[in-house]
Amino acid sequence: MSDFVLDLGYLVSAVCFIFALKWLSDPMTARRGVKIGEIGMVLAIIATLLSHEIVQYQWILIALVLGSAAGIPLGLLVPMTAVPQRTALSHAFGALAVGLVGTAEFYLHEPDIGKVTMVALGFEVLLGYLTFTGSLVAFGKLQGIARDRPWIYKGQNAVNLSILAVGLASVGLLVADPGRSMLFPILIVVALGFGAMLVIRIGGADMPTVISLLNGYAGLSAAMMGFVLDNKLLIIAGALDGSSGLLLSIIMCRAMNRSFANVLFGGFGATETVARMEELPVRTTSPEETALLLDSARLVVVVPGFGAAAAQAQHKIRELSDMLMRRGVEVRFAIHPVAGRMPGHMNVLLAEANIPYDLLVDLDAINPELPQADVVLVVGANDVVNPAARHDQHSPIYGMPILDVDQARSVVVVKRSMRSGFAGIDNELFYLDKTQMLFGDAREVIGEVVDELSKLPGRAVAAAVSGI
Amino acid sequence: MTKEQLEVGLYIFVLASFLGFQVITRIPGLLHTPLMSLTNAISGISLVGSLILAGSGQGALASVFGAIAVFASMTNVVSGFLITDRMLKMFHRRDAQKQRARRPQERAP
């Protein structure tokens with residue numbers, strides 16, 4: 001195939017990727033987006049395989065088959081709660097490929113590497129390997145293999161920045177003279193180390209931001225590979241992914257009122273936090289009372305957190321909302337942008353439980369409606385409903401946009417115990433007069449509420465009886 | 001890479017980034033997880049570079065590193081697309097549910 005035809009093939013493939021993202025803007029067309037993305041990728045693979053640069057096929061075919069064999073279970077069998085760690089692992093795979101290709105390119109061509117190419121190659125290797133180890137650490141933390149709490153020591157920022165400086169200096173020296181090939185292994189080790197060090201210090205609550213950032217790095221490293229190989233498709237696809245990752249990290253930072261620097265160098269959730277209020281009394285309630293309260297409501301807003309999904313309570317929650325809607329109660333789900341462990345994660349978990357997506361309302365749209373809500377049911381969410389974020393300047397989450405559930409007429413919090421949340425902060429919502437605590441395992445407790453609700457007489461009957 | 005190639009590359013990179021920002025800003029928070037899986041699958045485009053290296057016939061280093069890279073990026077591509085589709089399959093509207101329930105009755109007579 002001539003280079004011209006090859007380039008045209010790549011162009012069509014790039015257009016496919018752009019349409020894939022465009023169609024993803026609406027759930028109705030989103031699956032079409034995936035299809036065209038797949039077409040774009042297949043086209044890119046075929047065009048590459050037919051190019052004259054490829055003279056040997058045996059290695060490629062084995063690797064393609066093995067890669068598919070590993071990818072199919074990773075795509076089809078992973079539970080939805082584990083999507084964040086799958087994504088992290090997948091980022092690690094892609095970034096490893098970038099790093100390895102960069103490494104081989106260097107050793108195949110040194111010392112005759114132009115300055116421009118060497119700059120791109122240096123950043124390709126740096127970004128590729130740091131994304132590789134960073135994503136592996138993120139995977140470990142999300143999967144529960146590594147410690148979830150940030151690992152922090154004195155002078156860590158200085159150490160990390162010096163590591164990065166060594167990496168950038170080696171790139172600079174290699175650009176000045178690509179013949180200094182002994183610097184290249186140093187660059188690789190530094191990149192691998194920096195990626196791990198960067199993510200090790202980040203706590204569980206910041207995972208949505210980190211995983212978005214790694215998504216962006218994976219894209220940028222692919223774009224750098226495009227510069228090295230002078231391949232426009234890689235540059236375009238890499239730029240699309242890079243901008244997506246950057247945009248999502250900005251959204252995540254904003255949703256937590258944090259800056260990039262603060263996420264990367266701040267070590268959130270590391271400090272032992274503010275005074276506990278555990279001695280204060282809380283009002284407790286029973287599944288039976290909760291059922292009565294919910295049944296008498298006009299509007300019920302459910303605030304699900306990752307705790308609900310971890311307890312596999314989402315199916316019981318769906319049963320509850322179906323039953324309430326059949327009884328004429330309006331039900332909405334309030335979704336905070338950082339609910340779950342990656343951007344938008346909670347929406348997927350609720351969709352999996354067959355909850356229609358038009359009931360899922362995001363933070364900005366639901367907050368004005370919360371004062372009209374008769375009952376807010378908080379299941380496994382904590383920090384995103386903590387009013388301290390609005391007024392307590394000493395709280396670590398001060399300034400973070402929250403769901404104003406304390407504005408609702410009444411609040412029922414389903415919680416295993418009075419333990420503090422992901423970020424280790426006590427929640428004053430639990431001590432309000434309008435709040436009732438329903439202690440127990442989310443799935444069991446919601447199940448009991450559903451049972452109690454089904455025992456109640458139909459709403460019309462109840463209204464007629466009370467009318468007499 | 002020559003300076004001219006770099007210039008063209010930078011133009012493409014900057015324009016594609018702007019386009020990416022525009023397109024992705026329109027994606028609602030509802031679909032941010034599928035968005036990340038899809039861009040993850042697309043970033044598996046490093047497969048193209050891996051294929052070129054693995055098939056270049058430039059010796060053992062190129063073949064071994066290239067083959068590992070092809071394996072890794074192919075895993076990324078396949079799992080990324082599959083899981084994105086699996087997630088999107090689950091999203092449905094309230095009225096769609098009702099329509100699905102009604103349809104068989106409409107066809108019956």
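Here are some short exercises, with worked solutions, on the predicted model shown above.

**Exercise 1. Finding the domains**

Task: List the domains of chain A, then say what distance separates the centres of domain 1 and domain 3.

Solution: Begin with the domain assignment of chain A. Domain 1 covers 1-74, domain 2 covers 82-271 and domain 3 covers 287-467. Next, take the centres over C-alpha atoms: those of domain 1 of chain A and domain 3 of chain A are 43 Å apart.

**Exercise 2. A strand and its two partners**

Task: Look at strand β4 of chain A and work out whether its residues are buried or exposed, and which strands are joined to it.

Solution: Let's start with the strand itself. β4(A) spans residues 375-379, and five of its five residues are buried, so the rest of the structure largely encloses it. Now check each face. On one side you find Val375(A), Leu377(A) and Val379(A), and on the other Val376(A) and Val378(A), all of them buried.

Then turn to the partners. Strand β1 of chain A (residues 299-304) runs parallel to β4(A) and is joined to it by five bridges. Within this pairing, Val301(A) has Val376(A) as its bridge partner. Strand β5 of chain A (residues 410-415) also runs parallel to β4(A), again with five bridges. Here Val378(A) is matched with Val413(A).

**Exercise 3. Inside the nonpolar core**

Task: Name the residues that touch the most other members of the largest nonpolar core, and then follow the contacts of Val378(A).

Solution: The largest nonpolar core has 189 residues, and those touching the most other members are Val303(A), Val376(A), Val378(A), Val379(A) and Val70(B). Now pick Val378(A) and leave out residues up to four places away in sequence. The contacts of Val378(A) are then Val303(A), Val385(A), Val405(A), Val411(A), Val413(A) and Val414(A).

**Exercise 4. Checking a helix**

Task: Compare the reach of helix α8 of chain A with the span expected for it, and describe its surroundings.

Solution: Helix α8(A) runs over residues 207-229, which makes 23 residues. From its first C-alpha to its last it reaches 33 Å, close to the 33 Å expected at 1.5 Å a residue. As for surroundings, 23 of the 23 residues of α8(A) are buried, so this helix is largely enclosed by the rest of the structure. Just beyond the helix, Asp230(A) adopts a positive phi of about 50°.

**Exercise 5. Two exposed serines**

Task: Locate Ser417(A) and Ser2(A), and explain why each counts as exposed.

Solution: A residue is exposed if 12 or fewer other C-beta atoms lie within 10 Å of its own. Ser417(A) sits in the loop between β5 and β6 (435-439) of chain A. Ser417(A) has 7 other C-beta atoms within 10 Å, so it is exposed. Ser2(A) belongs to the segment before α1 (3-23) of chain A. Ser2(A) counts as exposed because it has 9 C-beta neighbours inside 10 Å.

**Exercise 6. Chain B and its contact with chain A**

Task: Describe the make-up of chain B, and then the residues in its contact with chain A.

Solution: Chain B contains five helices and zero strands, in the order α-α-α-α-α along the sequence. Of its 109 residues, 57% count as buried. Among contacts in chain B between residues at least 6 apart in sequence, 56% join residues at least 24 apart.

Finally, look at where the chains meet. Chain A gives 100 residues to the contact and chain B gives 81. On the side of chain A that touches chain B, 62 residues are nonpolar, 27 polar and 11 charged.

Terms used:
Residues numbered from 1 in each chain as written. Chains lettered and ligands numbered in written order. Predicted model: local features only at pLDDT ≥ 70, side-chain atom pairs only at ≥ 80, totals over all residues. Domains from an automatic or database assignment. Contact = placed C-beta atoms within 7 Å. Nonpolar A, V, L, I, M, F, W, Y, C, P; charged D, E, K, R; others polar. Buried ≥ 20, exposed ≤ 12 C-beta atoms within 10 Å, placed from the backbone. Helix = DSSP H or I, 4+ residues; strand = E, 2+ residues; numbered from the N terminus. Pairing = 2+ DSSP bridges. Core = buried A, V, L, I, M, F, W, Y, C linked by C-beta atoms within 7 Å. Expected span 1.5 Å × (residues − 1).
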